Amino acid sequence: MIWKKYGQIFVPQEYGIEYAKSPQALVFEDFVRVYFSACKKDGNKLISYVCSADFSKDFSEVQKISRQIIADGNLGCFDEHGIFPFSPIRYEDKIWAYTSGWSRRVSVSVETGIGLAVSEDNGESFRRMGEGPVLTSSLKEPFLVIDGFVRKYDDQFYMWYIFGQDWKRFEADRDPERIYKIGYAVSGNGIEWERNGTPIIEDVIPDESQALPCVIFYQNQYHMFFCYRYSNDFRENGERSYRIGYAYSENLQSWTRCDEKLNFTISKDGWDSQMQCYPNVFEMDNEIYMLYNGNAFGKYGFGLAKLEGI
């Protein structure tokens, strides 16, 4: 693949916002709306909440900022401490969004689940369908079900998401770290899901964690983009931090990983020189674009690239 990088296109601090994690595009006739997760203080901790930025279709101008488009989660609910990421899809005359809810734990840092919210005002605001998740832990997926990305093909909903395989203490005096893989579920109505609890993307590094899959259909093939990292010493060590991975499929079920075909590498210096993560690949006006975060998990905003050839 040949990608043209446009660089960093959104710096959240310029708008009084902390972080802009997991940019997710929704294309309108005259503009592109990008949903992302920001952070705010809750005592010594952070809560993730959802904002949006409307861009001109050439991404040269931010036309509008909406600072919180869905309310915080309620006390004791799966999303009490935030939503990250937030993945929209048009369905019938509404916009649905699959939310990734976070809640704090004691022995480990978090538990998660995938919820569903609906917008009836063209994506300006969303309300939860209910207080609980549509996909959560199960017998084969015991924790950390999150990062739901949904598309509809041939009258069936498909979800790609991640689920936890292990909480592992790599060093005796450090908190345990999570290890998670990409999974797959199907649904007839987008609410009730069937899954088998099996990872669908092979590992390429030891103790690999995979995150935030997205899928597009392009040139008669399905293409998945995601990010992956080592599961320890990844926060400060750029050699072990997130990189963007790639796989392709003919049938949406079996996937062939081929990161080298992606040809998308970190920069020599600057905002994405240590880490590239949380890709969102989408089609607009017959062109393919990628939004993604760089260093520090979205602290410095997000950038844009355009596919110029395969």
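**Note on the predicted model: buried polar residues, salt bridges and a charged patch**

1. Ser100 lies in strand S7, which spans residues 94-104. The model is a predicted one, and in it Ser100 has a relative accessible area of 0%, so this residue is classed as buried. The side chain of Ser100 nevertheless has a polar partner: it reaches the backbone nitrogen of Asp147 at 2.9 Å.

2. Gln24 is a further buried polar residue, with a relative accessible area of 4%. Its place is in strand S2 (residues 18-27). Which side chain does Gln24 contact? The partner is Ser87, and the polar contact between the two side chains is 3.5 Å. That value sits at the limit of the rule, which takes N or O atoms within 3.5 Å.

3. Phe28 is found in the loop between S2 and S3. Although placed in a loop, Phe28 is buried, with a relative accessible area of 10%. For orientation, the C-alpha atoms of Phe28 and Val186 are separated by 27 Å, and the two residues are 158 apart along the chain.

4. How many salt bridges does the model hold? The count comes to 18. The next points take up some of these pairs, with the burial of each partner.

5. Asp72 and Lys40 form a salt bridge in which the closest N and O atoms are 2.9 Å apart. This pair links distant parts of the chain, 32 residues apart: Asp72 is in the loop between strand S5 (62-66) and strand S6 (83-91), while Lys40 is in strand S3 (residues 31-42). Asp72 counts as partly exposed because its relative accessibility is 34%. Lys40, at 26%, also counts as partly exposed, since that class lies between the 20% and 50% limits.

6. Glu120 pairs with Arg127, and here the closest N and O atoms are 3.4 Å apart. Glu120 is exposed, with a relative accessible area of 57%. Arg127 has a relative accessible area of 46% and is therefore partly exposed.

7. Glu287 and Lys306 meet through their side chains in a salt bridge of 4.0 Å, N to O. The pair joins distant parts of the chain, with Glu287 in strand S19 (residues 287-293) and Lys306 in strand S20 (residues 302-309), 19 residues apart. Is Lys306 buried or exposed? Lys306 is buried, at a relative accessible area of 17%, whereas Glu287 is partly exposed at 31%. The 4.0 Å distance should be read with the criterion in mind, as a salt bridge requires the nitrogen to be within 4 Å of a carboxyl oxygen.

8. Some salt bridges share partners. Arg33, Asp54, Lys64 and Glu124 are joined in this way into one network.

9. Which residues form a negative surface patch? The patch is made up of Glu171, Asp173, Asp233 and Glu236. One of them, Asp173, is found in the loop between strand S11 (156-168) and strand S12 (177-187). With a relative accessible area of 67%, Asp173 is exposed. Members of a patch must have over 30% relative accessible area and no salt bridge, so the four acidic residues named here are separate from the paired ones discussed above.

Note on methods: Residues are numbered from 1 along each chain as its sequence is written. This is a predicted model: local features need pLDDT of at least 70, side-chain atom pairs count only at pLDDT 80 or more; totals for chains, interfaces and linings use all residues. Side-chain values use heavy atoms; hydrogens and water are left out. Patches are made of residues with over 30% relative accessible area and no salt bridge: like charges are joined within 9 Å, nonpolar side chains (Val, Leu, Ile, Met, Phe, Trp, Tyr) within 5 Å. Accessible areas come from the Shrake-Rupley method with a 1.4 Å probe; for residues, only the protein chains shown count as cover. Lys and Arg count as positive and Asp and Glu as negative; His and the chain ends are not counted. The place of a charge is taken as NZ of Lys, CZ of Arg, CG of Asp or CD of Glu. Helices (H or I, at least four residues) and strands (E, at least two) are DSSP runs, numbered from the N terminus. Buried means under 20% relative accessible area, exposed over 50%, partly exposed in between (1.4 Å probe, protein chains only). A polar contact is a pair of N or O atoms within 3.5 Å; within protein, one must be able to donate a hydrogen and the other to accept it, and residues adjacent in sequence count only if both atoms are side-chain atoms.
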